[in-house]
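Ready for a short set of exercises at the bench or the desk? Have the structure open in your viewer and try each task before reading its solution.

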Amino acid sequence: MNNLIVRALTGAVFVAVLVGGTLFSPMTFTLLFAVVTGLTTWEFSHNVNSYAGASVNKLINTVAAVYLFVAFGGFCANFVPSRAFIPYLVSIIYMLVSELYLQKADPLKNWAYAFASQIYVALAFSLLNVLAFQYDPMTNKTAFEPIYPLSVFLFLWTSDTGAYCCGSLLHKYFPAKLFERISPNKSWVGSIGGGVLCLVVAAVLWHFNPTLLTLPQWLGLGAVVCVFGTWGDLVESLFKRQLGIKDSGHVLPGHGGMLDRFDSALLAIPAAVLYLYSVQAF
């Protein structure tokens, strides 16, 4: 019972901080996800160093990831020019060249995991800025639209809730597994239930934000986030299975680590960006 209470309280605080930080202002949004980016990258680096035999420089890797997020935010908000990315490029070059002098056992593995974290974690979170800061060519101004990044998390939470409820209630009647080799608890019926609930939430978002996207576009965004969020969850499950660990960390009591909490988002965010660009282009 105590574990359930701790889990519930931690989950409530997590949701409140994420929603509040996203909606309150561009500054709180940037600070919140800069911290999330740093903690997640540090956790990724720690896991590969501890369980995969790598020797990634956790400090340099984490600082580079946080800087990439902040640079993306400044550029998307039209506060800084593109040359703001130069320090990030310097850090990438450093991580390559430093292995020539450090004489570590497996430099190729260090490169692979360091750059994997930059693409898998840092770039994914940085793309939240593309969703949050929308440029209007008609007015030549950039507006902060927190509903876009927040909608990704609303869809993901809805998908998880719907999948759990439908899977728990109907798995006896529809036992087919979604991806048993990697995640034996996921079922097709649960995933479908989560997808249906995402479409309901998409309709609600359209009702309160009809000027941002049309109803079909909101429904499409919900479907894209649901599908790629499921793949994101499976990707992180494969990552943990390969490392031989159950949880990616213990930052959030009862919920595991940062990768455990944001695994779905790491694929859903880039997919949402691609979807919205496609909608705006056509």
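The exercises below go through helix packing, a hairpin and a salt bridge in this predicted model.

**Exercise 1. Work out how helix H3 and helix H5 are oriented to each other, and which residues join them.**

Solution.
- Start with the geometry: H3 covers residues 58-76 and H5 covers residues 107-126, and the two pack at an angle of about 30° with axes 9 Å apart.
- Angles under 35 degrees count as roughly parallel, and H3 and H5 are therefore roughly parallel to each other.
- Next, the handedness: H3 and H5 cross in the right-handed sense.
- Now look at the contact. H3 brings Asn 61, Ala 64, Ala 65, Leu 68, Phe 69 and Phe 72. On the H5 side, the residues they meet include Ala 114, Ser 117, Gln 118 and Phe 125.
- Sorted by class, the residues of this contact of H3 with H5 are nine nonpolar, four polar and no charged.

**Exercise 2. Do the same for helix H9 and helix H11: find the orientation, then the make-up of the contact.**

Solution.
- H9 (residues 215-243) packs on H11 (residues 265-281) at an angle of about 155°, and their axes are 8 Å apart.
- An angle over 145 degrees counts as roughly antiparallel, which makes H9 roughly antiparallel to H11.
- The crossing of H9 with H11 is right-handed.
- From H9, the contact residues include Gly 220, Val 224, Phe 228, Trp 231 and Val 235. H11 answers with Leu 267, Ala 268, Ala 271, Ala 272, Tyr 275 and Val 279.
- The tally for H9 with H11 is 13 nonpolar, four polar and no charged residues.

**Exercise 3. H11 also meets helix H7; classify their crossing and list the contact residues.**

Solution.
- H7 spans residues 147-170, and its axis comes within 10 Å of that of H11, crossing at roughly 130°.
- That angle makes H7 oblique to H11.
- As for handedness, H7 and H11 cross in a right-handed way.
- Tyr 148, Val 152, Phe 153 and Leu 156 of H7 touch Ala 265, Ala 268, Ile 269, Ala 272 and Leu 276 of H11.
- By class, the contact of H7 with H11 holds nine nonpolar, no polar and no charged residues.

**Exercise 4. Describe the pairing of strands E1 and E2, and find the residue with a positive phi in their hairpin.**

Solution.
- E1 (residues 133-136) and E2 (residues 141-144) pair in the antiparallel sense, with four bridges.
- To place one bridge, take Phe 133: its partner in E2 is Phe 144.
- The hairpin has four residues between the strands, and Asn 140 has a positive phi near 60°.

**Exercise 5. How many salt bridges does the count come to, and how far apart in helix H9 are Glu 236 and Lys 240?**

Solution.
- The count comes to two salt bridges.
- One of these joins the side chains of Glu 236 and Lys 240, at 3.6 Å from N to O.
- Glu 236 and Lys 240 lie four residues apart in H9, so about one helical turn separates them.

Methods: Residues are numbered from 1 along each chain as its sequence is written. This is a predicted model: local features need pLDDT of at least 70, side-chain atom pairs count only at pLDDT 80 or more; totals for chains, interfaces and linings use all residues. Side-chain values use heavy atoms; hydrogens and water are left out. Axes are lines fitted to C-alpha atoms, for helices over the stretch in contact, and angles run from 0 to 180 degrees between N-to-C directions. Angles under 35 degrees count as roughly parallel, over 145 as roughly antiparallel, 65 to 115 as roughly perpendicular and the rest as oblique. A crossing is left-handed if the near helix is turned anticlockwise from the far one by less than a right angle, and right-handed if clockwise. Contact means heavy atoms within 4.5 Å. Ala, Val, Leu, Ile, Met, Phe, Trp, Tyr, Cys and Pro count as nonpolar, Asp, Glu, Lys and Arg as charged, and the others, Gly among them, as polar. Two strands pair if DSSP finds at least two bridges between them. A salt bridge is a side-chain nitrogen of Lys or Arg within 4 Å of a carboxyl oxygen of Asp or Glu.
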